[in-house]
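Student: Please take me through one part of this structure at close range. Then place that part in the rest of the chain.

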Amino acid sequence: MSGVVRTEPLRGEPPLRVPGDAFSVVVLLQGYAEPEGVGDAVRADGSVTLVLPQAWGPASGHREPPPEGYEAKTALEEAARGPILVDTAGPWAREALLGALAGQGVAPGDVTLVVGTHGHSDHIGNLGLFPAAALLVSHDFCLPGGRYLPHGLAEEQPLRLGPGLEVWATPGHGGQRDVSVVVAGTALGTVMVVGDVFERDGDEDSWQALSEDPVSQEHSRKRVLATADVVVPGHGAPFRVIREASAPETEGLGNSRPDLVIGDKEPTVHR
C-alpha cells in the first residue's frame, strides 16, 4: 500500500447508523474482548451489523423464498433486497440482538440474508433466530431449508449483491474461508464489516496470536486498509481509515511523523 495511512475512532454509540445511496449500515451491537480473572480467560462477543436497502421498509412484507432452479448469483441478489445481518453475536446476546433489531423496526422474520464472517461461536451463535433467511456463513451459501448453492467466491472474485454491495473473501483469522461485507456509497464512503480481520482499532500487537493464518490475514488487512473509509471490526468500535499523500522523504531524516507508518506496513495508531 502506498502513501500514509492512519486510523481514528468513529465517534458514536450503537446503534450507529451510516446512511447510504442504495444501502445504509447500522452497527447494532459493538463487539468486545476483555480479560477476565486470572490466566488467559477472556469474555468476548462479536459485533453485529445491519445493512438496510433504501427501498426496504417494514411494510414491504415477507418475501417468498427463491424458486427451485435459482443460481447463487440470482438468489443472493434477491436475498439482498431485504435486511441483511452481518454476524449474529453469541447465543448469550440473544435478547440484546432482538432488542437492537426491534429498535430499527426489523423483526427476525424480516431478515432475508445473514452473512457470517467466520464460523466462531461469538459471531454466528444466533443463526437459529432466522430460519427464513438465506445464509452465507464463510463460503457456504444456502437457501432456507438447507439448499446449498455454489457461487465461486474467491479473493479475486467477490460476490456482488447489489449496487455498491459486495462480499469479499478475506482469509486469515479463521483460516481460508473468512468473508467481509463491503458497502460503498455511504455518507462516510466505503464501509467494510470485516469480522475478526481486525479485532479492533489499534490491534497491531495482538491479532497475530489469534490468527490461524497470519500471512493471509496480513494480506487481507492491507486490502481492507486500501479500500475502506470506515471499518467495523469484530471486537471494538468502528474506526475511520484516513489516507494521506506521502511527503517526499528527506535523506537522513527518516519519518518525521512517528504516529504514522509509511509503505507496505499497517498503520500504528498512537492516541
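Tutor: Start with β13 and β14, which run antiparallel and are joined by five bridges. A strand here is a DSSP run of E with at least two residues, a helix is a run of H or I with at least four, and both are numbered from the N terminus. Two strands count as paired if DSSP finds at least two bridges between them. Strands of a sheet pair through backbone hydrogen bonds, in either a parallel or an antiparallel sense.

A word on the basis. Residue numbers start from 1 along each chain as its sequence is written, and side-chain values rest on heavy atoms, without hydrogens or water. The model is predicted, so local features need pLDDT of at least 70 and side-chain atom pairs pLDDT 80 or more, while totals for chains, interfaces and linings use all residues.

Now the strands themselves. A169 has V179 as its bridge partner in β14. On the other side of the story, β13 (residues 165-169) pairs with β12 (residues 159-162), antiparallel, over three bridges. R160 is bridged to E166 of β13. β12 and β13 make a hairpin with two residues between them, and G164 in that turn has a positive phi of about 75°.

Follow β14 onward. It also runs antiparallel to β15, over four bridges. T186 finds its bridge partner in G189 of β15. These two strands form a hairpin as well, with two residues between them. β14 (residues 179-186) is mostly covered, with six of its eight residues buried. Buried means under 20% relative accessible area, exposed means over 50%, and partly exposed lies in between (1.4 Å probe, protein chains only).

Look at V181 next. Leaving aside residues up to four places away in sequence, V181 touches V86, V115, L165, E166, V167, V191, M192 and V193. Contact means heavy atoms within 4.5 Å.

V181 also belongs to the largest nonpolar core, which has 34 residues; L113, F141, L165, V167 and V181 have the most contacts inside it. Helix α1 (residues 72-79) gives this core its largest share, four residues. A second core lies apart, with 23 residues, including L28, A89, V106 and V137. Such a core is a set of buried Ala, Val, Leu, Ile, Met, Phe, Trp, Tyr and Cys residues joined through side-chain atoms within 4.5 Å.

Now step out to the other sheet. Eight strands form an open sheet in the order β2-β3-β6-β7-β8-β9-β10-β11, with mixed pairing. Its edge strands are β2 (16-18) and β11 (147-148), each paired on one side only. Inside it, β3 (residues 23-29) and β6 (residues 48-53) pair antiparallel over six bridges. L29 has V48 of β6 as its bridge partner.

Two helices pack on this sheet. α1 touches β8 (113-116), β9 (134-137) and β10 (140-143), and its direction makes about 70° with that of β10. α2 (residues 94-103) touches β3, β6 and β7 (84-86), with about 145° between its direction and that of β3. Axes are lines fitted to C-alpha atoms, for helices over the stretch in contact, and angles run from 0 to 180 degrees between N-to-C directions.

Two loop residues deserve a look. A89 is not a glycine, yet has a positive phi of about 65°. A89 sits in the loop between β7 and α2, and is buried at 1% relative accessible area. S138 likewise is no glycine and has a positive phi of about 55°. Its loop runs between β9 and β10, and S138 is buried at 11%.

Last, return to β15. The loop between β15 (189-193) and α4 (214-227) holds F198, while F239 lies in β17 (residues 239-244), 41 residues apart. F198 and F239 form an edge-to-face aromatic pair, 5.7 Å centre to centre with 70° between the planes. Rings of Phe, Tyr and Trp (its six-membered ring) pair if their centres lie within 6.5 Å; planes under 30 degrees apart count as stacked, over 60 as edge-to-face, and the rest as tilted. Both F198 and F239 are buried.

For the whole chain, count four helices and 18 strands. Of its 271 residues, 48% are buried.
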